[in-house]
Protein chains: 2
Amino acid sequence: MGKGRVTVIDIAKAAGVSKSTVSLVLQASPLVNEITRGKVNAVMRELGYVYNRGAANLRQANARSKIIGIVVNDLTNSFFAELAVGVDTVVQSAGFVQFLSNTSENLDRQREVIASMREHGVSGLIVSPARGTEALDMKPLVAAGIPVVLVVRSVPGAKVSSLVSDNHAGTSAAVEHLTLLGHRRIAFVGGFPDTAVFDERLSGYREAMANTNEGFSEELVISSAPSRAGGVEAIGQGMAMAEPPTAAVCFNDAVAFGVCDGLRARRIEPGRDFAVVGFDNVIEAKTTVPALTTISVDPQGIGQRAAQMLLKQINAGKPEAEQVVSAVRLIVRESCGAADNNPGRRLA
Amino acid sequence: MGKGRVTVIDIAKAAGVSKSTVSLVLQASPLVNEITRGKVNAVMRELGYVYNRGAANLRQANARSKIIGIVVNDLTNSFFAELAVGVDTVVQSAGFVQFLSNTSENLDRQREVIASMREHGVSGLIVSPARGTEALDMKPLVAAGIPVVLVVRSVPGAKVSSLVSDNHAGTSAAVEHLTLLGHRRIAFVGGFPDTAVFDERLSGYREAMANTNEGFSEELVISSAPSRAGGVEAIGQGMAMAEPPTAAVCFNDAVAFGVCDGLRARRIEPGRDFAVVGFDNVIEAKTTVPALTTISVDPQGIGQRAAQMLLKQINAGKPEAEQVVSAVRLIVRESCGAADNNPGRRLA
DNA sequence: TGACAGAATTGGAACGTTCCAATTATTAAC
DNA sequence: GTTAATAATTGGAACGTTCCAATTCTGTCA
């Protein structure tokens with residue numbers, strides 16, 4: 001229709017007021033008369049006015065736009081999709097909208113995406129950093145006073161808030177539970193040794209094992225890709241031992257599913273002949289057969305919590321970095337053998 | 001550090017040139033001398049300059065920002081996560097960044113999110129519309145000349161491009177395949193009856209069934225939520241029939257996984273005792289046990305194609321709406337019982 | 001009626017960028 | 001050594017909004 005876009009001045013002209021008054025209406029100022037407000041609003045609807053956030057942002061150098069950015073390293077992993085949904089629920093009720101971008105674990109892409117979000121004046125950022133992210137990458141953000149909350153992975157040395165789950169406590173609880181069920185040979189399966197998350201989960205396992213009669217033994221740690229395929233491969237290695245394990249604490253749920261596949265291929269039924277515990281509690285965990293015993297980190301909950309931390313920072317003005325470790329709990333289902341009809345029975 | 005943000009004028013001053021020159025450097029204009037360019041770039045890095053896209057956008061009323069928006073109706077469904085990844089790959093190589101928002105099937109939220117994206121001056125929009133979206137909702141977008149590509153679901157009457165998959169042909173092919181394998185009682189399982197996608201998939205099933213000896217029968221259509229849980233529930237209903245089905249064409253892969261779970265819970269092994277066919281070919285489909293026979297709509301491919309359509313429109317200036325129906329093909333894996341070692345064997 | 005307070009409205013400057021037309025510097029051609 | 005052509009640079013206006021200070025309008029009170 002019209003050639004140019006419709007501006008606050010067009011509205012003013014059509015409503016017979018000044019642009020300043022229109023601006024006041026836009027910000028719901030109590031200064032403007034109810035009758036005027038109604039008229040202006042009517043004209044805006046009629047002409048199909050679209051607020052130009054860019055222009056507004058330009059003027060009010062302090063107040064940022066009402067968007068918060070979320071940057072994840074692997075959107076195809078449903079863990080992150082759910083995390084984003086959790087963030088969204090909180091953020092939207094605070095009147096923000098969330099823009100999400102995916103880095104696919106690519107550092108360059110991450111830089112680009114974060115830069116782009118800054119250019120658009122995001123109010124804050126929730127980031128699940130790509131592998132290899134350094135404190136240096138976060139520096140410009142804190143220098144600019146942009147609130148940031150790191151989730152899932154923390155970046156050592158970065159002066160920003162972070163929210164990670166208690167990996168140590170999780171694997172530790174898994175080992176204790178399996179010990180109570182009578183297992184002695186408990187393996188730690190899957191994951192790449194060069195990540196912080198792996199270290200934390202392994203250390204929980206190690207500490208708990210050291211407290212058992214069996215003690216900790218290096219040979220029961222079998223690393224692999226943190227994927228379903230990795231799990232299949234790792235358990236193959238484990239079952240080839242002279243004295244194979246009777247239970248496995250897995251790096252994550254994907255690995256755990258792979259372990260189940262691998263066991264079945266050897267005619268060993270997970271949950272009956274062998275105990276498997278995962279980590280993450282992804283959505284499929286409770287519906288697969290056997291239902292997976294796992295450590296719940298509740299992706300949506302993490303998202304909500306991260307969003308709250310971020311909003312707090314945004315409202316506080318002065319971003320105060322805080323490090324939060326989110327508690328974790330063991331969800332006992334079938335794959336560990338504890339949930340069946342004769343709970344006293346010893347496995348293997 | 002500095003009080004205000006660092007602007008193009010600060011750079012100009014520090015580099016001893018005019019702001020116009022800095023602007024030219026910013027847009028990589030060939031007009032500026034290499035030496036000058038280098039100096040300016042150096043100063044920008046040094047002072048930590050951040051491009052203010054808002055201000056730029058303000059001036060160049062025509063050229064929009066380099067972001068494209070993608071709006072999906074259910075991010076927890078990995079179909080959409082993968083679609084987004086597909087869009088991203090194309091869009092990012094064209095120098096855009098993608099911002100994603102989730103509507104959770106909520107019309108109000110969808111309006112909000114689209115408005116917000118408009119305010120930020122997106123160059124184009126890829127939308128998987130929430131249930132109940134009307135042509136009216138798209139009207140302001142086309143009026144404003146913003147390129148839009150609808151995916152997955154189309155909106156009748158909306159004058160925008162759309163890219164949907166050939167749902168009718170998909171379920172039809174599934175039924176034919178199952179018939180060839182010897183099945184007669186084939187159920188259609190899952191999905192809500194009030195959506196266009198459901199209608200299309202059901203009509204393909206209906207037509208193909210009508211061509212079999214068995215014929216189409218209403219009782220074999222069991223609707224449910226289009227989720228894993230919905231699949232579990234629906235197959236429970238199905239197996240309780242006097243003459244239960246021996247095969248199921250499912251509304252989507254999520255439902256199909258649920259059906260497999262439900263069958264196993266009844267000691268019926270999917271792929272051996274019962275044939276299951278999904279729809280979507282999500283990434284897990286090929287790695288689950290049994291691997292899922294499904295209709296491939298290749299979420300990433302759809303995303304890429306949609307992105308290409310959108311970019312074409314953006315570059316063309318005048319958005320020319322086109323309706324594309326994307327072909328679909330049956331991927332035969334294990335869950336239908338056809339891929340095992342004795343292919344001649346009749347099931348159930 | 002005049003003065004005054006408070007409510008409501010308003011014009012202009014400013015935000016950080018790009019575009020345009022104009023200017024200056026450099027090189028080429030005779 | 002002048003002219004023309006080209007390369008490089010530049011100041012000012014403009015984009016759509018908000019903020020500030022100033023103005024006008026309304027009603028109240030002496």
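**Gly262(A)**

I started with Gly262(A) and found it in helix H11 of chain A, which spans residues 253–265. This is a predicted model, and I read every entry below with that in mind. Gly262(A) has a relative accessibility of 2% and counts as buried. I then listed its contacts, leaving aside neighbours within four places in sequence, and got Val232(A) and Ile235(A). I also took the C-alpha separation from Gly262(A) to Val282(A), which is 20 residues away along the chain, and it came to 20 Å.

**Chain A as a whole**

I counted secondary structure next and noted twelve helices and twelve strands in chain A. The radius of gyration is 26 Å, whereas the globule rule gives 20 Å for 348 residues, so chain A is more spread out than a compact globule. I looked up the box filled by its C-alpha atoms along the principal axes, and it is roughly 90 × 40 × 35 Å.

I checked burial over the 348 residues of chain A, and 53% count as buried. For contacts with a separation of 6 or more in chain A, I found that 68% join residues 24 or more positions apart. The exposed area of chain A is about 15400 Å², and carbon and sulfur atoms supply 52% of that. I tallied the charged side chains of chain A as 35 positive and 34 negative. The centres of these two sets lie 10 Å apart.

**Phe216(A)**

I placed Phe216(A) in the loop of chain A that runs between helix H9 (196–210) and strand E7 (221–222). Is Phe216(A) buried or exposed? Neither label fits, because its relative accessible area is 26%, and the partly exposed class lies between the cut-offs of 20% and 50%. Beyond four places in sequence, Phe216(A) touches Tyr205(A), Arg206(A), Met209(A), Ala210(A) and Val221(A). I also noted Ala187(A), 29 residues from Phe216(A) along the chain, with 9.9 Å between the two C-alpha atoms.

**Two positive phi values**

I looked for residues other than glycine with positive phi and wrote down two. Ser104(A) has a phi of about 50° and is not a glycine. I found Ser104(A) in the chain A loop between strand E2 (97–102) and helix H6 (107–119). Its relative accessibility is 46%, which makes Ser104(A) partly exposed.

Asn281(B) has a positive phi near 55° and is likewise not a glycine. It lies in the chain B loop between strand E9 (275–280) and strand E10 (293–296). With a relative accessible area of 17%, Asn281(B) is buried.

**Nonpolar cores**

I asked which residues have the most contacts inside the largest nonpolar core. The answer is Ile126(A) and Ile126(B), in a core of 144 residues. I followed Ile126(B) and left out residues up to four places away in sequence. Its contacts include Ile68(B), Gly69(B), Ile70(B) and Val71(B). Val87(B), Val149(B) and Val151(B) are also among them, as are Ala306(B), Ala307(B) and Leu310(B). I then noted a second, separate core of 36 residues, which includes Phe99(A), Ile67(B), Val148(B) and Val160(B). As background, nonpolar side chains tend to be buried together in soluble globular proteins.

**Ile146(B) and Asn315(B)**

I found Ile146(B) in the chain B loop between helix H7 (135–143) and strand E4 (148–151). Although Ile146(B) is in a loop, it is buried, at 6% relative accessible area. I took the distance to Thr195(B), 49 residues from Ile146(B) along the chain, and the C-alpha atoms are 26 Å apart.

Last, I looked up Asn315(B), which lies in helix H12 (residues 299–316) of chain B. Its relative accessibility is 66%, so Asn315(B) counts as exposed. Pro147(B) is 168 residues from Asn315(B) along the chain, and I noted 9.9 Å between their C-alpha atoms.

Definitions and conventions. Residues are numbered from 1 along each chain as its sequence is written. Chains are lettered from A and ligands numbered from 1 in the order in which they are written. This is a predicted model: local features need pLDDT of at least 70, side-chain atom pairs count only at pLDDT 80 or more; totals for chains, interfaces and linings use all residues. Side-chain values use heavy atoms; hydrogens and water are left out. Helices (H or I, at least four residues) and strands (E, at least two) are DSSP runs, numbered from the N terminus. The radius of gyration is taken over C-alpha atoms; the globule rule is 2.2 Å times the number of residues to the power 0.38. Buried means under 20% relative accessible area, exposed over 50%, partly exposed in between (1.4 Å probe, protein chains only). Contact means heavy atoms within 4.5 Å. Accessible areas come from the Shrake-Rupley method with a 1.4 Å probe; for residues, only the protein chains shown count as cover. Lys and Arg count as positive and Asp and Glu as negative; His and the chain ends are not counted. The place of a charge is taken as NZ of Lys, CZ of Arg, CG of Asp or CD of Glu. A nonpolar core is a set of buried Ala, Val, Leu, Ile, Met, Phe, Trp, Tyr and Cys residues joined through side-chain atoms within 4.5 Å.
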